[in-house]
Amino acid sequence: MQLNNKVALVTGAASGIGKRIAEVFAQNGAAVAIADLNLDGANAAAREINDAGGKAIGVKMDVTDEADVDAGVAQAIKALGKVDILVSNAGIQIVKPIEEFSLAEWKKMLAIHLDGAFLTTRACLKDMYARGEGGVVIYMGSVHSHEASKLKAPYCAAKHGLLGLARVLAKEGGPKKVRANVICPGFVRTPLVDKQIPEQAKTFGISEEDVIKNIMLKETVDAEFTTVDDVANLALFLAGFESNALTGQSITVSHGWHMQ
Ligand code: NAD
């Protein structure tokens, strides 16, 4: 129970990686606010945790909306008392060549991945600084925080940007015992990835099997997907790491696709 008496807020936790992080945090003693655009999904995920003996609430939050983020974080603090751990995880993917992206699509991608990270950080930091007990911020980056892939210009730009935000927060937050790190997963089979497989097959004119074998898993050491458990276990390690010795870093969990 590494996270006993801790409170975590996880964005995008109605599905995929965020959902598993919320479950693993709850299994390790944290009370968890499941913040998501999809309130029904967030409430369902919270119910599962509560039914299993943990403590969780669902919070409606569009991470791109300043008022929504501030209200959602305030709701979590009112219900659970504080926020010790923020996992900024909400994200989407749009794949197409640069010349086919509309400005609206570009802005939507940057808004969810970067504005969302900034707004949730700012809202939670106020509580962390005011209480003076420090805190942990984990950003969900990607191998695409370090590597490029065709069709993913705004995603790569945004995920690279998270490294800068985390490093500035590590410096500003260090004296106040607030740590910031970035998790960089390889491909994980979630709805976000399942949607891309047929899209990439169509764009490149190859089979879905070839997208998996020759694009997604080509550079891994064992042709295996990273799992939601792999990512959640790394998040648990970072959330439970008690000193500033580990801050301002990005850690890749990708079956060796990217080696730093
Ligand atoms: P997912 O589609 O399973 O879950 C994403 C969640 O984010 C959904 O519940 C969705 O409702 C929520 N969401 C979307 N827009 C939102 C918004 N504006 N405000 C609040 N919530 C919003 O996706 P996932 O694969 O679990 O992805 C989670 C994160 O992990 C993303 O940041 C993604 O970029 C990152 N990531 C995923 C992979 C992968 O292979 N799946 C790899 C590297 C990084």
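The shell around the ligand divides into 16 nonpolar, ten polar and three charged residues, where Ala, Val, Leu, Ile, Met, Phe, Trp, Tyr, Cys and Pro count as nonpolar, Asp, Glu, Lys and Arg as charged, and the others, Gly among them, as polar. The model is a predicted one, in which local features need pLDDT of at least 70 and side-chain atom pairs count only at pLDDT 80 or more, while totals for chains, interfaces and linings use all residues. Residues are numbered from 1 along each chain as its sequence is written, and side-chain values use heavy atoms, with hydrogens and water left out.

Of the 29 residues around the ligand, Ser15, Asp36, Tyr155, Val188 and Thr190 come nearest. The table gives polar contacts of the ligand, a polar contact being a pair of N or O atoms within 3.5 Å.

| Ligand atom | Protein partner | Distance |
|---|---|---|
| oxygen | isoleucine 17, polar backbone atom | 2.8 Å |
| nitrogen | valine 63, polar backbone atom | 3.0 Å |
| oxygen | tyrosine 155, side-chain N or O atom | 2.6 Å |

Taken alone, the ligand exposes 830 Å², of which the protein buries 92%, with areas from the Shrake-Rupley method and a 1.4 Å probe. Two or more residues of the shell are given by each of α1 (16-27), α4 (103-131), α5 (153-173) and α6 (191-204), and the largest share, three residues, comes from α6; these helices are DSSP runs of H or I with at least four residues, whereas strands are E runs of at least two, numbered from the N terminus.

Serine 142 lies in the loop between β5 (135-140) and α5, and serine 142 is buried, with a relative accessible area of 4%, buried meaning under 20% (1.4 Å probe, protein chains only).

Key. Near = heavy atom within 4 Å. Polar contact = N/O pair within 3.5 Å; in protein donor to acceptor, adjacent residues only side chain to side chain. Buried < 20%, exposed > 50% of the residue type's maximum accessible area, 1.4 Å probe, protein only.
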